[in-house]
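Me: Got a minute to go through a structure with me? I'll put it up here.

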Amino acid sequence: MSSAKPAFKRILLKLSGEALMGDDAFGINRVTIVRMAQEIAEINRMGVQVAVVIGGGNIFRGVAGGAVGMDRATADYMGMLATVMNSLALADALDKAGLTARVMSAIGIDQVVEPYVRPKALQYLEEGKVVVFAAGTGNPFFTTDTAAALRGAEIGAEMVLKATKVDGVYTADPKKDPLATRYSEISFDEAISRNLGIMDATAFALCRDQKLPIKVFSIIKNGALKRVVLGEDEGTLVYA
Ligand SMILES: Nc1ncnc2c1ncn2[C@@H]1O[C@H](COP(=O)(O)OP(=O)(O)O)[C@@H](O)[C@H]1O
Ligand SMILES: O=c1ccn([C@@H]2O[C@H](COP(=O)(O)OP(=O)(O)O)[C@@H](O)[C@H]2O)c(=O)[nH]1
């Protein structure tokens with residue numbers, strides 16, 4: 001076991017919903033979610049307080065519903081409910097990995113999970129429990145990236161760790177432009193002015209205003225989360 005000291009006391013981890021699909025076409029891939037839970041358990045055991053915001057794109061995306069003629073706000077509520085399902089699956093996997101996880105929802109569904117109450121979330125984190133924030137911000141027209149920025153700021157996280165399908169922020173979308181190159185770091189102002197599609201502008205602006213740095217790194221690469229937490233060179237740092 002490594003005796004290296006983590007660089008953070010409290011982090012907010014954003015997991016892309018689509019990344020939960022693994023190699024499947026949709027839904028939650030068992031192997032992927034179990035591996036993620038184990039990686040979270042590893043950093044939690046190093047003494048890092050971990051809060052998680054999870055996306056819902058593997059199940060439903062509001063924009064997709066809106067595009068086929070659904071009322072956008074209704075479609076967004078469906079997207080938020082999708083994040084609740086992912087949160088329950090992740091909490092279950094975290095429990096099986098030996099951790100204690102608590103899911104807190106931004107929308108009231110008290111029979112399923114407890115509501116988000118900030119002091120309660122802080123208490124859980126202090127106790128070493130992993131808190132999974134479900135239902136995004138609780139508002140349509142937002143994303144779970146913005147929820148990650150919001151909750152990260154609220155709980156006083158030192159950094160937002162965005163685990164996604166790409167291994168950092170590129171000069172252009174690397175899935176569309178094979179010539180795109182990766183930044184090792186980039187300022188919020190530059191990321192916003194260059195319109196880099198890795199995160200929406202609302203999330204970037206909130207983190208910039210709160211001086212909350214973001215690290216974008218690969219969810220696919222084994223051990224990347226631990227390397228980020230140890231302050232090693234991994235992914236792209238977005239700074240204020
Ligand atoms: N400049 C960029 N650098 C890196 N990734 C980008 C960039 N622009 C767009 N992307 C896309 O952003 C996605 C990562 O964001 P994420 O929120 O995890 O995905 P999604 O919204 O598809 O669930 C990547 O799959 C990548 O294709
Ligand atoms: O505060 C929020 C967070 C999410 N969503 C909805 O939930 C969906 C899933 O979230 P997201 O697309 O951010 O997930 P990810 O890209 O991480 O899979 C979004 O498309 C929105 O429809 C929303 O309306 N408000």
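Here is the chat about the binding site and the ligand shell.

Me: Anything I should know before we start?
Reply: This is a predicted model, where local features need pLDDT of at least 70, side-chain atom pairs count only at pLDDT 80 or more, and totals for chains, interfaces and linings use all residues. Residues are numbered from 1 along each chain as its sequence is written, with chains lettered from A and ligands numbered from 1 in the order in which they are written.

Me: Ok, which residues does UniProt list for "binding site"?
Reply: The unreviewed entry lists Gly-56, Asp-76, Thr-137, Gly-138, Asn-139, Pro-140, Phe-141, Phe-142, Thr-143 and Thr-144. They're spread over 89 residues of sequence but cluster in space, with a largest C-alpha distance of 14.1 Å. Annotations like these may be inferred rather than shown by experiment.

Me: Where's Asp-76?
Reply: In helix H3, residues 72–96 (helices are DSSP runs of H or I, at least four residues, numbered from the N terminus).

Me: And is Asp-76 buried or exposed?
Reply: Buried, because 24 other C-beta atoms lie within 10 Å; the cut-off is 20 or more, with C-beta atoms placed from the backbone.

Me: What does Asp-76 touch?
Reply: Gly-62, Pro-140 and Phe-141, leaving out residues up to four places away in sequence (contact means C-beta atoms, placed from the backbone, within 7 Å).

Me: Switching to ligand 2: which residues come nearest?
Reply: Gly-55, Gly-57, Gly-62, Gly-79 and Gly-136, out of 23 around ligand 2 (C-beta atom, placed from the backbone, within 6 Å of the molecule).

Me: Which helix gives the most to that shell?
Reply: H3, with five residues.

How values were computed. Helices (H or I, at least four residues) and strands (E, at least two) are DSSP runs, numbered from the N terminus. A residue is buried if 20 or more other C-beta atoms lie within 10 Å of its own, exposed if 12 or fewer, and partly exposed in between; C-beta atoms are placed from the backbone. Two residues are in contact if their C-beta atoms, placed from the backbone, lie within 7 Å.
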